[in-house]
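Good morning, and thank you for joining this meeting. Please look at the structure as I display it, and I shall then go through some of its features.

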Amino acid sequence: MPTPVRLILLVIVLLGVGWFIFEVTSGDVPDVPDVDPAALVGGGAVASGPRVFTSSSQCAECHAEIYDEWKSSYHGQAWTDEEYQLLRTQENSQDCIPCHAPKPAFETGIGNRFLARYDRRGEGVDCFTCHKTDKGMIGPIPDPDPAPCNPVFDLNIRKMDLCYPCHNQHDTHIEWEASSFFKDGKDCNSCHMPAVERPVATGGKVRLGSSHSFRGGHDHDYIRSNVDLEVTLLGDAEMPAVFQGPYGVDLVDPHLLGAKRDEDDDQEPPAVPSGAPKLVVRVRNHGVGHNFPTDSRNNTVDLKVVVLNQEGQEVERIHVDRFRNPYRDEYKKNKVNTQLPSGADRFYVVQLPIKSGSFQGHLIYKSGPFLQDDDENSFVLINREGEF
Amino acid sequence: MSRSKWPNLARVAVLGVVLLATGCGEEAGDGKEISGSTNPVTTEGLPAPTYPDLPKRASYLKERLAELGALVKVEETPKVPELVPEEIEELVGELGKTDPIDRMNGADELLSHREIALPVLLDRVMDNNRYDFERSAMVDTIGRMGSRAAAGTLLKLVADDESPTVRSFAALALAEIGDDGVVPDLVLRFKYEEDGFVINALSTALHRLGIACGVEKLISYLDGRIRVRQEAAGTLHEMLGEDFKYDAWAAAGERTEAAKRMRRWWWQHGQELLLRLNSGREVGPGFEKRIIETIFELSQYQMRNVDDARFILEGLGPIAVPFLCRGVTDESQYVRAHSVEVFVRMGRSGESGSEVLRSSVGDPLIRADILRALGVARDQESYSLLLSAVGDPLIDVRICAVDSLGQLGNKDALSTLQALSSNPGDSDELRVALSFSLALLGDRSDLMTVVSLLDSKAPIDVWDLAERIDRLMRLGAGVKGEVDGSYPFDGPPAEKVKFFRADLGV
């Protein structure tokens, strides 16, 4: 066969093989018609191409330290948290799922309400919620090193629009906007994702990144460092000076004004002997960038003064106040939002029922409004003691 | 759309050879799995999923709402004249008399002065310092006046008034006026109202406006106080046309048994009955406007508003379906997503929307929920769509397709699901869905394994499990095959799981 003919045949065969491979690889396995690429971000798999990420556990391969922080945070436990599961199963509610097992924010649109996902709910608010986009895994670090997850620099990740679709369901974002933190340019990340210098990926360069432990209301030491309780004995002459608080004064005498907000707590106070001293109690929200405690669903803080006689026996447990934003059904019965705004303090005058003994001032943090003081989910955040 | 001319299996086989030759997609070597996925799914013998094109998105609802806005005249609450005629004041005063005859006569007289009397009554009725019987007489008279201008005040009373008597009378007065535009607001009250008398009044009012609603709540009051249970039984009889031999005056044991019978019957057939009772009702422009407004509430930011809207639409059942069908292709992703979610909650009541749902499955955002909705509606025509969706690359879609295949009850799906259950990947949710769907189709071999997960530390969604258990029982696939009266029909999920565990002996 002449060489030109052979060459022509060879070209025809090669073209045929090329067509064959093209037809096979561009075929419909699997065939997903007209799929919006953003929708595929939600955890699906495609036939070929770069590595597909479908679980946060894959992130641990390179970001072990950050993964561990997240895993032990309440974002990592958003679904598995026992209290959440208990509430959800008791109330048949599906409202909670979008925030406790959300689809990636950039799939539903940053700043928009989240939509619920059906799979991997156990991972809660996972890595993909904030980082996964159709162009790759976004982060706040310029010129990221190449990696299988295709890291992309995108400052959208630092926007509050990621936080408030969930955290403003119970008004935390609005509270923050009303605070001095907002005016001073401090945002959610300033407190809840403080800067950390370390290799972002195992073996990588040391960079300035952010903590992923999302410390907040579940970290009692953290709350203690931002909220204060003072309990002092007070003679009448000293009162005017004390009440010149910098943020205005809310003076409440629970015995005189009946400022009890617990329905169960409607007992008449015992008769007060003449000469029994008074306490001044001050609660201060000096370091929280939103109301304390924020969120209307569960969080409750009770201020109590326990009075003991000289033998150390409890004489009275005075429920001085409750800090809480009432939730839905409660709202009808008690419309007063008693949360302590950022930067505010509140004073109380508490009449002690006996002439001599000791007192304990307790600021008790509760993860539910109906919990007793000694419940395992009630914590004495701050305890102040004294004698009189 | 498919671009290949070759049969699927051949293509998969050739692809396997090519990928092996090029060293890619190691997991795809046997041609059974979608390569590149960390959640591989067996697809052997399944057609590749094909869906219709992405449906065109429209703003029909927005446009229709604008039309209705021009059409429906909002009647504002009339203002009280500065000088109320003495005669009217006297007649209004009659409504505060203790003798009911005086009150009745006063009301009759007021009807002939309705133009002047209505604003006065609407003003006085808001005065909480008056006796309940006086305010109830006022509300009743307002209802008899039949003016739509009173609807706003009456709705406020139904929702917020402290007195259950006044709330009840206000609901009935709204029915008396006959404006069906208040239906969505009345339906929402079932979510928040706790008083048996008011629940009964709400059901009666809605029944008079042509809507069957609140049956479950009424059944729960059959164990209540004598007058409450008597009225609840009467309303139920009127609505359902059946009394289940319930006698409010019978001995406690007999009443409990009859209530159980009714509960069980409702649990099994309620959706079908609501579908029958509420289908084909025409809606007035005011009602239509409120339905569309409610659908737009689905795009609200706060979940509590969304939840209220979902509750109303679910309660309206088939009446809301034509509008929800429009919502499925709406411009707003939230309207789309939550409209489909309402279909999921409606169950059989939403079956008339199945065709639209099937044609909208090309929308990847709502695909999973559409498949789920088709399952709960038991739309047999969606069988092949569901079967192919089992091979979808999106895990959410696979889970919902598997769920719905179980609900459809077509045993042809058994082999596919069994094949998939031999290699479900690492998704707990898919495993659970497979086990329950197989159980619904008669294969319970894996059910115990899944139930035993309840005792593990695995992050199993108990609520989801309870829902599946409920479905299993409802469709007659309970382990004992018979649901007795002790099943917590309306109980919390945890109770259902407890029942199921006891039933299985685990």
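Let me begin with B:E109, which counts as partly exposed because its relative accessibility is 41%. Here, buried means under 20% relative accessible area, exposed means over 50%, and partly exposed lies in between, with a 1.4 Å probe and protein chains only. This residue, B:E109, belongs to helix α4 of chain B, residues 100-111.

A word on the basis of these statements. This is a predicted model, in which local features need pLDDT of at least 70 and side-chain atom pairs count only at pLDDT 80 or more, while totals for chains, interfaces and linings use all residues. Residues are numbered from 1 along each chain as its sequence is written, chains are lettered from A and ligands numbered from 1 in the order in which they are written, and side-chain values use heavy atoms, without hydrogens and water.

Which residues gather with B:E109 in a patch of negative charge on the surface? They are B:E86, B:E87 and B:E90. A patch takes residues with over 30% relative accessible area and no salt bridge, and joins like charges within 9 Å; a salt bridge is a side-chain nitrogen of Lys or Arg within 4 Å of a carboxyl oxygen of Asp or Glu. Helix α3 of chain B, residues 86-94, gives the most to this negative patch, with three residues.

Elsewhere in chain B, B:E297 lies in helix α14, residues 285-297. With a relative accessible area of 31%, B:E297 is partly exposed. Its C-alpha atom is separated by 41 Å from that of B:S112, 185 residues away along the chain.

I turn now to chain A. An open sheet of three strands has the order β1-β2-β3, with mixed pairing; its edge strands are β1 and β3, each pairing on one side only. Helices (H or I, at least four residues) and strands (E, at least two) are DSSP runs, numbered from the N terminus, and two strands pair if DSSP finds at least two bridges between them.

Strands β1(A), residues 132-133, and β2(A), residues 136-139, run antiparallel and are joined by two bridges. A:K132 has A:M137 as its bridge partner in β2(A).

Technical notes. Patches are made of residues with over 30% relative accessible area and no salt bridge: like charges are joined within 9 Å, nonpolar side chains (Val, Leu, Ile, Met, Phe, Trp, Tyr) within 5 Å. Accessible areas come from the Shrake-Rupley method with a 1.4 Å probe; for residues, only the protein chains shown count as cover. Lys and Arg count as positive and Asp and Glu as negative; His and the chain ends are not counted. The place of a charge is taken as NZ of Lys, CZ of Arg, CG of Asp or CD of Glu.
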